[in-house]
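Here is a friendly walk through one protein model, from a single serine to its core and its cysteines. Please have the structure open as you read.

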Amino acid sequence: MAKTKPGKKDLDSYSIKGTNKVVRVGDCVLMRPSDSDKPPYVAKVDRIEADHRNNVKVRVQWYYRPEESVGGRRQFHGAKELFLSDHYDFQSAHTIEGKCIVHSFKNYTKLENVGPEDYFCRFDYKAATGGFTPDRVAVYCKCEMPYNPDDLMVQCEGCKDWFHPICMGMTIDEAKKLDPFLCSDCSSEDDAKRPLNSFHVEPKVELKRRKR
């Protein structure tokens, strides 16, 4: 742990004003933006400290929303998707509005009900360069796009690949009634195997870093 500056002390926890919620190091929190029209920022608490006047600050590691990153929001980004950045900051603890949970991508897809406090992360993001880790992810369907957990997909019983109903010329209701489902390649008894492709997630555009 980093050395505490003179006149400051590390705290184990912080109680959010007006609530019974307690924030500890490692928790994910919602932080009030300066613009009230914007959604709250999401961050992971790295450190909690108080000065000699008992003013509490938190050192946070920011999560970026897709629209805040280089390249912006893309078709495969989920509504609750976040990127864990390498951008750290000190903020007043008074700006913490509440707590939230940032799930792994795998765990998020297993949730039966997604609440307002549920988010997920599958990429690390370098704010200075716009780079992502991993920089490639598997793609699915005829459209060859990464998986968006907000979109319904159906699995082909033949090739075991996943498809968007709309890409197969079906409605969602029609797709739900199919059992089993065969994609156009398998249903036409085409045994040719498609190569395993991947999607490059780093856009080649001008870099910019979010300002707070």
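In which strand does Ser85 lie? Ser85 belongs to strand 7, residues 81-92, where strands are DSSP runs of E with at least two residues, and helices runs of H or I with at least four, numbered from the N terminus.

A word on the basis: this is a predicted model, in which local features need pLDDT of at least 70 and side-chain atom pairs count only at pLDDT 80 or more, while totals for chains, interfaces and linings use all residues. Residues are numbered from 1 along each chain as its sequence is written, and side-chain values use heavy atoms, with hydrogens and water left out.

Ser85 counts as buried because its relative accessibility is 1%; buried means under 20% relative accessible area, exposed over 50% and partly exposed in between (1.4 Å probe, protein chains only). Beyond its neighbours within four places in sequence, Ser85 is in contact (heavy atoms within 4.5 Å) with Gln61, Trp62, Tyr64 and Tyr125.

Trp62 and Tyr125 also appear among the residues with the most contacts inside the largest nonpolar core, which has 26 residues. Such a core is a set of buried Ala, Val, Leu, Ile, Met, Phe, Trp, Tyr and Cys residues joined through side-chain atoms within 4.5 Å. Strands 4, 5, 6 and 9 each give two or more residues to this core.

Now to the cysteines. The whole structure has 0 disulfides (cysteine sulfur pairs within 2.5 Å).

| Cysteine | Closest cysteine sulfur | Relative accessible area |
|---|---|---|
| Cys156 | Cys186, 3.6 Å | 0%, buried |
| Cys159 | Cys156, 3.8 Å | 31%, partly exposed |

Both listed distances are too far for a bond.
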